[in-house]
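Please open the model in the viewer and keep the sequence panel visible. The tour below proceeds from the whole chain to individual helix contacts.

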Amino acid sequence: MNEFENITIDAALKRVRKYLKLLQEELAHRSSLDRAYISMLERNIKQLTITTIFLLAGASEMKPSEFVKLLEDEFEGYIIKRTTE
């Protein structure tokens, strides 16, 4: 079984945005977030907050729980662990 140390939003966010046929600029406008921030999320440079989940979910016309479900589906079958240094 594969392991992940951190769950990231990058692949799920990009998939949702492309499914909705939105450019980063459009998603940014709908969510009141900066386009550069959307880009950094999709490239796994930045990590999102719960507030950002709510904003992105609303901009994607879904509930926050549906947005998080995409992450659950993305990492189904993986062991998620956190290492400390």
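**The whole chain**

Of the 85 residues of the protein, 31% count as buried. The model is a predicted one. With the entire surface displayed, the exposed area amounts to about 5900 Å², of which carbon and sulfur atoms supply 52%.

Next, switch to a cartoon representation. Five helices and two strands make up the secondary structure, and along the sequence they follow the order β-α-α-α-α-α-β. If a contact map is available, consider the contacts with a separation of 6 or more: residues 24 or more positions apart account for 59% of them.

**First stop: H1 and H3**

Select residues 10–19, which form helix H1, and add helix H3, residues 35–42. How should the packing of such a pair be described? Two packed helices are characterised by the angle between their axes and by the distance between those axes. For H1 and H3, the axes come within 7 Å and cross at roughly 125 degrees. H1 is therefore oblique to H3, as the perpendicular class ends at 115 degrees and the antiparallel class begins over 145.

Display the side chains at this contact. H1 contributes Asp10, Leu13, Lys14 and Arg17, which meet Ile38, Leu41 and Glu42 of H3. By class, the contact of H1 with H3 comprises three nonpolar, no polar and four charged residues.

**Second stop: Arg17**

Centre the view on Arg17, which lies in helix H1. Is this charged residue buried or exposed? Arg17 counts as buried, because its relative accessibility is 9% and the cut-off for burial is under 20%. To see its surroundings, select Leu22, Leu23, Gln24, Leu27 and Glu42; these are the residues in contact with Arg17 once neighbours within four places in sequence are set aside. Glu42 also belongs to the H3 side of the contact with H1, whereas Leu27 leads to the next stop, since it is one of the H2 residues in contact with H4.**Third stop: H2 and H4**

Select helix H2, residues 24–31, together with helix H4, residues 50–59. Their axes lie 8 Å apart and the helices pack at an angle of about 110 degrees. H2 and H4 are therefore roughly perpendicular to each other. The crossing of the two helices is right-handed.

Now show the residues that make this contact: Leu27, Arg30 and Ser31 on H2, and Leu55, Leu56 and Ala59 on H4. Sorted by class, the contact of H2 with H4 has four nonpolar residues, one polar and one charged.

How values were computed
Residues are numbered from 1 along each chain as its sequence is written. This is a predicted model: local features need pLDDT of at least 70, side-chain atom pairs count only at pLDDT 80 or more; totals for chains, interfaces and linings use all residues. Side-chain values use heavy atoms; hydrogens and water are left out. Axes are lines fitted to C-alpha atoms, for helices over the stretch in contact, and angles run from 0 to 180 degrees between N-to-C directions. Helices (H or I, at least four residues) and strands (E, at least two) are DSSP runs, numbered from the N terminus. Angles under 35 degrees count as roughly parallel, over 145 as roughly antiparallel, 65 to 115 as roughly perpendicular and the rest as oblique. A crossing is left-handed if the near helix is turned anticlockwise from the far one by less than a right angle, and right-handed if clockwise. Contact means heavy atoms within 4.5 Å. Ala, Val, Leu, Ile, Met, Phe, Trp, Tyr, Cys and Pro count as nonpolar, Asp, Glu, Lys and Arg as charged, and the others, Gly among them, as polar. Buried means under 20% relative accessible area, exposed over 50%, partly exposed in between (1.4 Å probe, protein chains only). Accessible areas come from the Shrake-Rupley method with a 1.4 Å probe; for residues, only the protein chains shown count as cover.
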